[in-house]
Amino acid sequence: MRIITGLQPSGKLHVGNYFGAMEPAVRMQESGVSFYFLADYHAMSTVHDANTLRENCSNLATDFLAVGLDPEKCVFFRQSAVPEVNELAWILSTVCPMGLLERCHSYKDKIAKGFSPSNALFTYPVLMAADILMYDSDLVPVGKDQKQHLEVTRDLAGKMNEQFGEGTCKLPDALIAESTAIVPGLDGQKMSKSYNNTLPIFGEEKAVRKLIMRIPTDSTPVEDPKPTEGSVILQLYKLFASAQGYEDMVRGFQNGGCGYGDFKKRLFDAYWEYFRPARERRAELEANQDYVRRTLEEGARKARETASVVLDRVRRAVGLA
């Protein structure tokens with residue numbers, strides 16, 4: 001079984017990135033042949049400064065390794081180090097209907113948030129399809145917000161097979177962890193850099209504590225029971241605490257006698273302890289960036305071996321070879 005996951009190096013990683021993609025990736029790296037990449041081509045649709053892109057890629061690679069990605073158990077690389085993916089994206093674009101892309105909500109969402117309506121943003125799903133089909137992927141761990149793009153990938157693979165012969169492209173399946181498919185941000189919306197509501201994975205202790213203490217709450221008195229439905233504090237705490245710890249906090253909400261400030265402190269403590277091993281590992285990696293670079297280079301070599309086999313098959317099918 002082949003598994004593929006990509007993360008955009010478009011800024012500091014947050015808890016939503018971790019539970020939506022990184023934690024499942026780490027958990028699944030022993031389940032088959034796993035391909036994990038830094039989606040730097042995709043990041044170029046919104047990041048237009050060269051130094052920023054380089055720094056983001058370095059940080060993301062360090063972060064991914066810090067949270068448990070093992071290059072001995074997976075193929076870890078930069079997307080741009082496998083140029084074959086752009087040729088496959090072009091080939092896929094020749095069978096991609098405009099209407100398919102016009103229906104994608106991510107493009108509309110980005111434009112609504114003020115991003116420039118570039119061709120890269122519009123054709124993002126085609127390049128994402130190439131990322132997936134390039135490695136004959138079986139499973140693609142995605143959040144609910146990316147499910148539509150996976151459906152586009154399956155549509156394009158189907159069109160390629162209809163046009164050029166069965167087996168030209170392999171149809172992948174989405175893997176969505178329902179319990180953490182959408183991680184709430186500090187304001188209750190989906191956690192996203194676009195909403196400026198994120199909780200960083202590797203933030204400074206004082207700064208993160210402040211963020212958590214600023215989570216909006218209602219004016220329920222300390223002695224009264226607190227509503228549990230839709231509580232951002234409870235939703236986030238559930239990610240970091242044990243099952244028993246979560247149940248204890250729910251009872252604390254229901255019983256009253258404890259203020260939101262105390263619950264927020266418990267949330268911070270659970271968050272800080274949860275990421276302690278990753279913070280320690282990241283400090284080691286930060287002091288050994290040569291190791292990080294060598295890891296990505298070796299991963300790219302392995303990725304291109306697989307990509308060349310798939311691209312040769314597709315080129316023969318479409319008449320380019």
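Is Gly-188 buried, partly exposed or exposed? In this predicted model, Gly-188 is partly exposed, because its relative accessible area is 44%, and that value falls between the 20% and 50% cut-offs.

## The loop around Gly-188

Gly-188 sits in a loop. Strand E5 (173–175) lies on one side of that loop in sequence, and helix H10 (205–213) lies on the other.

Gly-188 also has a distant partner in sequence, Val-232. The two residues are 44 positions apart along the chain. Their C-alpha atoms are 5.8 Å apart in space.

## Strand E2 and its neighbours

Strand E2 covers residues 33–38. Five of its six residues are buried, so the strand is largely enclosed by the rest of the structure.

E2 pairs with strand E1 (residues 2–7). The two run parallel and are joined by six bridges. One of the pairings matches Gly-6 with Phe-37 of E2. Between E1 and E2 the chain passes through helix H1 (residues 15–28). This β-α-β crossover is right-handed.

E2 also pairs with strand E3 (residues 74–78). The sense is again parallel, and five bridges hold the pairing. Here Leu-38 has Arg-78 of E3 as its bridge partner.

## The cavity

How many cavities of 30 Å³ or more does a search of the whole structure find? The search finds one. The largest cavity holds about 40 Å³ of space.

Its lining consists of Phe-37, Phe-77, Gln-79, Val-82, Val-85, Asp-131 and Tyr-135. Phe-37 appears here as well as in the E1 to E2 pairing, where its partner is Gly-6. By class, the lining has five nonpolar residues, one polar and one charged.

## The second largest pocket

The second largest pocket contains about 350 Å³ of space. It is lined by 17 residues. Closest to its centre are Lys-12, Leu-13, Pro-200, Phe-202 and Gly-203.

Which helix gives the largest share of this lining? Helix H3 does, with four residues. H3 spans 50–66. H3 and H10 each supply at least two lining residues. The classes in this lining are seven nonpolar, five polar and five charged.

## Helix H9

Helix H9 runs over residues 147–164. Its 18 residues should span 26 Å at 1.5 Å a residue. The end C-alpha atoms are 26 Å apart, which agrees.

The buried residues of H9 are His-149, Leu-150, Val-152, Thr-153, Leu-156, Ala-157, Gly-158, Met-160 and Asn-161. An α-helix has 3.6 residues a turn, so residues three or four places apart point the same way. After H9 comes Gly-165, with a positive phi near 115°.

## Helix H15

Helix H15 takes in residues 289–318, 30 in number. From its first C-alpha to its last it reaches 42 Å. That is close to the 44 Å expected at 1.5 Å a residue.

Which residues of H15 are buried? They are Gln-289, Val-292, Thr-295, Leu-296, Gly-299, Ala-300, Ala-303, Thr-306, Ala-307, Val-310, Leu-311 and Val-314. The residue after H15 is Gly-319. Its phi is positive, near 100°.

Methods
Residues are numbered from 1 along each chain as its sequence is written. This is a predicted model: local features need pLDDT of at least 70, side-chain atom pairs count only at pLDDT 80 or more; totals for chains, interfaces and linings use all residues. Side-chain values use heavy atoms; hydrogens and water are left out. On a 1 Å grid over the protein atoms alone, a cavity is a set of points where a 1.4 Å probe fits but cannot get out, and a pocket is an open set with protein on both sides within 12 Å along at least five of seven lines; lining residues have an atom within 4 Å of a point. Grid points are joined across faces, edges and corners, and a volume is the space filled by probe spheres set on the points. Ala, Val, Leu, Ile, Met, Phe, Trp, Tyr, Cys and Pro count as nonpolar, Asp, Glu, Lys and Arg as charged, and the others, Gly among them, as polar. Buried means under 20% relative accessible area, exposed over 50%, partly exposed in between (1.4 Å probe, protein chains only). Two strands pair if DSSP finds at least two bridges between them. A crossover is right-handed if, with the strands pointing away from the viewer, the path from the first strand over the helix to the second runs clockwise. The expected span of a helix is 1.5 Å times one less than its number of residues.
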